Structures are given as C-alpha cells and as structure tokens.
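Colleague: Please take a close look at one part of this model, the charged and aromatic side chains and the core beside them. Go through it residue by residue, and add whatever backbone details belong with it.

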Amino acid sequence: QLQLVESGLGLVQPGGSLRLSCVASGRIFSISAMGWYRHAPGKERELVAIDTSGGSKNYADSVKDRLTISRENAKNIVYLQMNGLKPEDTAAYYCYVRAWTVGFVDESTAWGQGTKVTVSS
C-alpha cells in the first residue's frame with residue numbers, strides 16, 4: 001500500500017514562511033503526481049499545488065508567486081515552501097500522491113495525515 005507521512009511546523013505570523021514535507025513509502029513502482037490540498041473551516045477542500053511526473057506544476061491562483069512545490073524524486077518526497085503567508089492561508093494541508101505500486105493494476109492514491117497551518121499574529 002501507499003503511505004504518506006507529513007511533517008512541518010504549523011504556526012506562523014503573517015508574512016512569514018513555512019515548509020511542509022511529505023514522504024511516500026510502500027511498494028512504489030513510479031509516481032504519477034505529488035501535490036498538496038488544503039481544507040479551511042467552512043470552505044471546500046481546494047488544490048493548492050500539484051506536480052506531475054511529466055514536469056507540469058499547477059498552482060491555485062490564490063497562492064501563485066508565494067507557494068512553491070518541489071520534489072526529491074529519489075526519496076519520494078514532496079515539499080511545499082510557503083512564503084508571504086496570509087491569514088487566509090490558515091487551513092489543514094494534506095499531501096496527495098498518485099502512483100503505480102507493485103502488485104496493482106490501477107494507480108493508487110493516498111493522502112497524508114494533514115498538517116494544521118495557522119497564520120496569525
């Protein structure tokens with residue numbers, strides 16, 4: 001099975017920076033996509049950033065130029081570097097991975113446990 005473990009500190013002042021990381025493990029043959037979603041109270045879950053193995057990176061309009069997704073492919077790690085954080089970035093952030101795993105004929109998807117990020121003074 002595909003498993004994800006997130007890490008990163010969760011409290012930061014407005015304008016501050018934070019980096020989240022997520023490592024995927026399991027019998028991974030190849031990873032198709034790694035990304036981050038967030039879910040704020042009273043709002044729907046939204047895609048923050050996603051990086052496909054084809055080299056395409058997509059960001060939500062609200063985070064462009066402030067948040068950057070990157071990967072360490074050899075270690076199956078995805079990062080979300082967040083700069084210029086705003087109170088409206090407060091949410092639970094979830095890592096997402098889609099991958100081909102050994103023994104399965106379809107792609108597997110997995111979600112991280114969630115990291116609460118609070119942007120407040």
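Modeller: In this predicted model, R98 is partly exposed, with a relative accessibility of 26%. Its salt-bridge partner is E107, and the closest N and O atoms of the two are 3.4 Å apart. E107 is partly exposed as well, at 33%. Neither end of the bridge counts as buried, because a buried residue would need a relative accessible area under 20%. Elsewhere, salt bridges with shared partners join R38, E46, R66 and D89 into one network.

The count of salt bridges comes to seven. Side chains of opposite charge can pair when their charged atoms come close. Among the seven is the bridge between K64 and D61, with 3.2 Å between the closest N and O atoms. D61 is exposed at 65% relative accessibility, while K64 is partly exposed at 41%. K75 and E72 form another bridge, 3.8 Å from N to O. Here K75 is the exposed partner, at 51%, and E72 is partly exposed, at 30%. The value for K75 lies just on the exposed side, because the cut-off for that class is over 50%.

Now the aromatic side chains. There are three aromatic pairs. One of them joins Y37 and Y96 edge-to-face, with 5.7 Å between the ring centres and 75° between the planes. Y37 belongs to strand β4 (residues 28–39) and Y96 to strand β9 (residues 91–101), so this pair ties together parts of the chain that are 59 residues apart in sequence. Both residues are buried: Y37 has a relative accessible area of 19%, and Y96 has 11%.

Y96 also pairs with W111. That pair is tilted, with a centre-to-centre distance of 5.0 Å and an angle of 55° between the planes. It again links distant parts of the chain, from Y96 in strand β9 to W111 in strand β10 (residues 108–111), 15 residues apart. W111 is partly exposed, at 33%. Taken together, Y37, Y96 and W111 form one aromatic cluster. A charge also comes into play at Y37: the charged end of R45 sits over its ring, 5.4 Å from the centre.

Next comes the nonpolar core. The largest one has 29 residues, and those with the most contacts inside it are L20, W36, V48, L80, M82, Y93 and V97. Two or more residues each come from β3 (18–25), β4, β5 (46–52), β7 (67–72), β8 (77–82), β9 and β11 (115–119). Strand β9 supplies the largest share, five residues. Y93 gives a view of the surroundings from inside the core. Leaving aside residues up to four places away in sequence, Y93 touches several of the other well-connected core residues, namely L20, W36, V48, L80 and M82. Its contacts also include Y37 of the aromatic cluster and R38 of the salt-bridge network. The rest of its list is E6, G114, T115 and V117.

Strand β9 also holds T101. T101 is buried, with a relative accessible area of 6%. Its side chain makes a polar contact of 3.2 Å with the side chain of S108. Apart from residues up to four places away in sequence, T101 touches R27, I28, F29 and S108.

Two loop residues deserve a look for their backbone. Most residues other than glycine have a negative phi. D65 is not a glycine, yet its phi is positive, at about 75°. D65 is found in the loop between β6 (57–59) and β7, and it is exposed, with a relative accessible area of 82%. N76 is likewise not a glycine and has a positive phi, of about 55°. The loop that holds N76 runs between β7 and β8. Unlike D65, which is exposed, N76 is partly exposed, at 21%. N76 does not count as buried, because that class needs a value under 20%.

Definitions and conventions:
Residues numbered from 1 in each chain as written. Predicted model: local features only at pLDDT ≥ 70, side-chain atom pairs only at ≥ 80, totals over all residues. Heavy atoms only, no water. Phe/Tyr/Trp six-rings, centres within 6.5 Å; stacked < 30°, edge-to-face > 60°. Helix = DSSP H or I, 4+ residues; strand = E, 2+ residues; numbered from the N terminus. Buried < 20%, exposed > 50% of the residue type's maximum accessible area, 1.4 Å probe, protein only. Lys NZ or Arg CZ within 6 Å of the ring centre and 35° of its normal. Core = buried A, V, L, I, M, F, W, Y, C linked by side-chain atoms within 4.5 Å. Contact = heavy atoms within 4.5 Å. Polar contact = N/O pair within 3.5 Å; in protein donor to acceptor, adjacent residues only side chain to side chain. Salt bridge = Lys/Arg side-chain N within 4 Å of Asp/Glu carboxyl O.
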